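Hi there,

Here is the structure I promised to pass on to you. Have a look at it first, then read my notes below.

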Amino acid sequence: MGFAELMDLFTLVICTYLFAISVRGKTGITLINSSITEPLLSPSAGQQTETKRTSLYGKASVLDLVTFSWMTPLFVIGYKKPLDKNDVPDIDERDYADLLSDSFKRILADVEHRHGLSTLSIYRAMFLFIRRKAILNAVFAILCACASYVGPSLINDLVKFLGGERKNGLQKGYLLAVAFLSAKVVETIAERQWIFGAQRLGMRLRAA
């Protein structure tokens, strides 16, 4: 019997043994680490996912909303450890998908009753659904644009002041510095509120 025949015989024995194990359905191997046999979602973990988490945005003050400091607790947790699902707070109750969907359905039904059902009616309902927040968002966009023009409009006065033209003494320099700083602060806050508001409007429309 040659080498090839011996290898074929050895392979046949191994395959027969594996076939017998598969038919029996047991390997005889036991796992010592019980954590491997635990389900991916244990009952405790499932219960935790159902736990209602506080909305940081919903309970934020006006100052917190302006400065986005309502996100500070989340940043603190994220700095200490990687965030998991239970660390992320819930959205504001006013942004719940079921509430937004019901509100949009009522507006759409009212528009359909007045103007009939058409593509234009759907667009009209979408506008009525987001008009208040859209107007507020437009105000932030206009405020951001206006504040961005303060710097270029005062740059000539700043160059003249730095060039030695100081008819009003240092008072004009202080006023220019305050104007530049104030305009930049207003521009930054308005721009952040504008971008955040636009993202929130898109989220509300998708949820509805």
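**A bent helix and a pocket**

Helix α6 (residues 119-148) spans only 38 Å between its end C-alpha atoms, whereas a straight helix of 30 residues would span 44 Å at 1.5 Å a residue. That expected span is 1.5 Å times one less than the number of residues. Helices here are DSSP runs (H or I, at least four residues), numbered from the N terminus.

This is a predicted model, in which local features need pLDDT of at least 70, side-chain atom pairs count only at pLDDT 80 or more, and totals for chains, interfaces and linings use all residues. Residues are numbered from 1 along each chain as its sequence is written, and side-chain values use heavy atoms, with hydrogens and water left out.

Where does α6 kink? The kink, of about 65 degrees, is centred on R131; the bend is the angle between axes fitted to the seven residues ending there and the seven starting there. Buried residues of α6 (under 20% relative accessible area, 1.4 Å probe, protein chains only) include F129 and I130. Among the elements that cover the buried residues are α5 (97-115), α7 (150-162) and α8 (170-207).

How sure is the predictor? pLDDT, its confidence in each residue, runs from 0 to 100, and the chain's mean is 77. Confidence is lowest in helix α2 (residues 43-49), at a mean of 46, and highest in helix α4 (residues 72-80), at 87. Where pLDDT is low, the predicted coordinates should not be read in detail.

Enjoy exploring!

How values were computed. pLDDT = per-residue confidence, 0-100. Helix = DSSP H or I, 4+ residues; strand = E, 2+ residues; numbered from the N terminus. Buried < 20%, exposed > 50% of the residue type's maximum accessible area, 1.4 Å probe, protein only. Contact = heavy atoms within 4.5 Å.
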